[in-house]
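This briefing covers the domains, ligand surroundings and backbone features of one structure. The model is shown first, followed by the points to check against it.

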Amino acid sequence: MSTKLLHVITWGCQMNVYDSARMGDALAPLGYVPAPKPEGADMIILNTCHIREKAAEKVFSELGRLRAYKEASGGRMILAVAGCVAQAEGAEILARAPYVDIVLGPQTYHRLPEMVARATRAAGAVIDTDFPPESKFDYLPEQATPQGISAFLTIQEGCDKFCSFCVVPYTRGAESSRPARAVLAEARRLVAAGAREITLLGQNVNAWRGEAPDGGFWGLARLVRELAEIQGLLRLRYTTSHPRDMDASLVAAHKDVSILMPYLHLPVQSGSDRILRLMNRKHTASDYLRIVTRLREARPDLALSSDFIVGHPGETDGDFAATLELVRHVGYAQAYSFKYSPRPGTPAASMKQVPETEKDRRLQELQALLREQQSQFNRSCVGESMSVLFTGPGRHPGQIVGRSPFLQAVHISGPEGLIGTEAPVKITASLPNSLAATPITQELACT
Ligand code: SAH
Ligand code: SF4
Ligand code: F3S
């Protein structure tokens, strides 16, 4: 079997990053190996995201660029579009970009070998955007390419929550959880291949409720405790959580499981109960603050991150002020904020919209506050000792980089031999996007 080059372009969330790696695994038995560049590739997959505005336009302009590689190959190269735009707008993609060979959704990529065979044989394009009854995870081959020191592991897919603004329930399908045995086996394989940190992924990762080895069901807290037993695994994280699924047992795991890192991405979207209701979030601002208090009681050094939307239909100045107040109350180490973007087919898209200029103004104000909180958090780390998991060489000679427990990028001058290990450091400076540190050999690390 001849070797073929596969180039994958990934947009969107970490679940897409994981899916891209697994698409590579699915194609490995056909002789495909990863290629860092599109030039000379035998197949290109564009793995897309549909979450915010102009998603489809971005796809069509990228496809226009990729078409040149197909032409350069005399038409032999296979061009595939995967991910959430493919799921939502598959037919439109084939109509507007007839040079695309394969359109596939996030739940069908285990069938890629079959699709490639059909695309090579047949004259027309192949489209597979089903929500199949079988789980792709049961049909994918084991990981072919190791993910490195910090690895992603999808344990949960889909969303049943239907927030008014969001396309995910339509593009990813219903909530489903992988069985505990499959997750534990995949985690062990990742660690055997060199992973020292695993981030468990799901659109609603803390809604995971997986079949247990004894036939019952476990929640995420139990899964985390079992994963923590894996020899050689130094760090665990999970993302993204929904406040409604943050139960007492998961809060307790933050207290008891030392390898569960003290950093949590817990999106709240808005601080106004009226807007949270319009968003169909099914939690209030005070529900969220109560969860934050409980988490901080369990793990006092916990750093928090969140997502915010400004300018959701119906949002007034007063509602926006409530969001700023919530941010001041919580104090975030990091956060993402977005202007509301109407998504076709979602309930909020047909509500009365907030003017663009108003959204711009609110976004700027919120981002200034969040930036200030982030730099305050980073400054508060200067002089502290903490452990860093080193993941690779830095930009300058003699430098290596890694992540703090709070997910900050940290660089030190140190030997490459430290890569793949966790070592205590003292933070010496806070820079705009990273921390500088020196290694400590004697002192005890604080985390
Ligand atoms: N499942 C996660 C988030 C998935 S989408 C959760 O429930 O929190 C990631 C983020 O994109 C969301 O948290 C939200 O802040 C943002 N987002 C989703 N739809 C959006 C839209 N229509 N306009 C602007 N931001 C949006
Ligand atoms: Fe989207 Fe809401 Fe589901 Fe998150 S919980 S994926 S924001 S619908
Ligand atoms: Fe985007 Fe789909 Fe992820 S819409 S954010 S790639 S689930």
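A polar contact is a pair of N or O atoms within 3.5 Å; within protein, one must be able to donate a hydrogen and the other to accept it, and residues adjacent in sequence count only if both atoms are side-chain atoms. A backbone N or O atom of Ser341 lies 2.8 Å from a nitrogen atom of ligand 1. This is a predicted model, in which local features need pLDDT of at least 70 and side-chain atom pairs count only at pLDDT 80 or more, while totals for chains, interfaces and linings use all residues. Residues are numbered from 1 along each chain as its sequence is written, chains are lettered from A and ligands numbered from 1 in the order in which they are written, and side-chain values use heavy atoms, with hydrogens and water left out.

**Ligand surroundings**

- Ligand 1 has 15 residues around it (a residue is near a molecule or strand if one of its heavy atoms lies within 4 Å of it), and Phe165, Gln203, Gln269, Asp307 and Ser341 come nearest.
- Besides Ser341, Phe165 places a backbone N or O atom 2.9 Å from a nitrogen atom of ligand 1.
- Arg52 has a polar side-chain atom 2.9 Å from an oxygen atom of ligand 1.
- Around ligand 2 are Cys159, Lys161, Phe162, Cys163, Phe165, Cys166, Val168, Pro169, Asn204, His242 and Arg281.
- That shell around ligand 2 has seven nonpolar, two polar and two charged residues, where Ala, Val, Leu, Ile, Met, Phe, Trp, Tyr, Cys and Pro count as nonpolar, Asp, Glu, Lys and Arg as charged, and the others, Gly among them, as polar.
- Ligand 3 is enclosed by Cys13, Asn16, Thr48, Cys49, His50, Ile51, Cys84, Arg172 and Gln203, a shell of four nonpolar, four polar and one charged residue.

**Domains and the interface of domains 2 and 3**

- The protein chain splits into domain 1 (4-128), domain 2 (136-380) and domain 3 (385-439); the bounds come from an automatic or database domain assignment.
- Domain 2 and domain 3 have C-alpha centres 25 Å apart.
- Their contact (heavy atoms within 4.5 Å) takes 14 residues from domain 2 and 16 residues from domain 3.
- About 1,300 Å² is buried between domain 2 and domain 3, with carbon and sulfur atoms giving 62%; buried area is the accessible area (1.4 Å probe) that two parts lose on being put together, summed over both.
- Ile149, Arg235 and Asn378 lose the most area on the domain 2 side, together 45% of what that side buries.
- Seven residue pairs are in polar contact between domain 2 and domain 3 (both at pLDDT 80 or more).
- On the side of domain 2 that touches domain 3, strand E13 (235-239) and helix H12 (356-381) are the elements that give two or more residues, with H12 giving the most, three residues. Helices (H or I, at least four residues) and strands (E, at least two) are DSSP runs, numbered from the N terminus.

**Salt bridges**

- The count is 35 salt bridges, each a side-chain nitrogen of Lys or Arg within 4 Å of a carboxyl oxygen of Asp or Glu.
- Asp19 and Arg172 form a salt bridge at 2.9 Å, N to O.
- Asp19 lies in helix H1 (residues 14-27) and Arg172 in helix H5 (residues 168-172), so the pair ties together parts that are 153 residues apart in sequence.
- One salt bridge is found across the interface of domain 2 and domain 3.
- Glu422 and Arg235 form a salt bridge, with the closest N and O atoms 2.8 Å apart.

**Backbone features**

- Most residues other than glycine have a negative phi, and most peptide bonds are trans.
- Thr239 and Thr240 are joined by a cis peptide bond, with omega about 0°; Thr240 lies in the loop between E13 and helix H8 (248-256).
- Lys54 has a positive phi, near 60°, and lies in the loop between strand E3 (43-48) and helix H2 (55-72).
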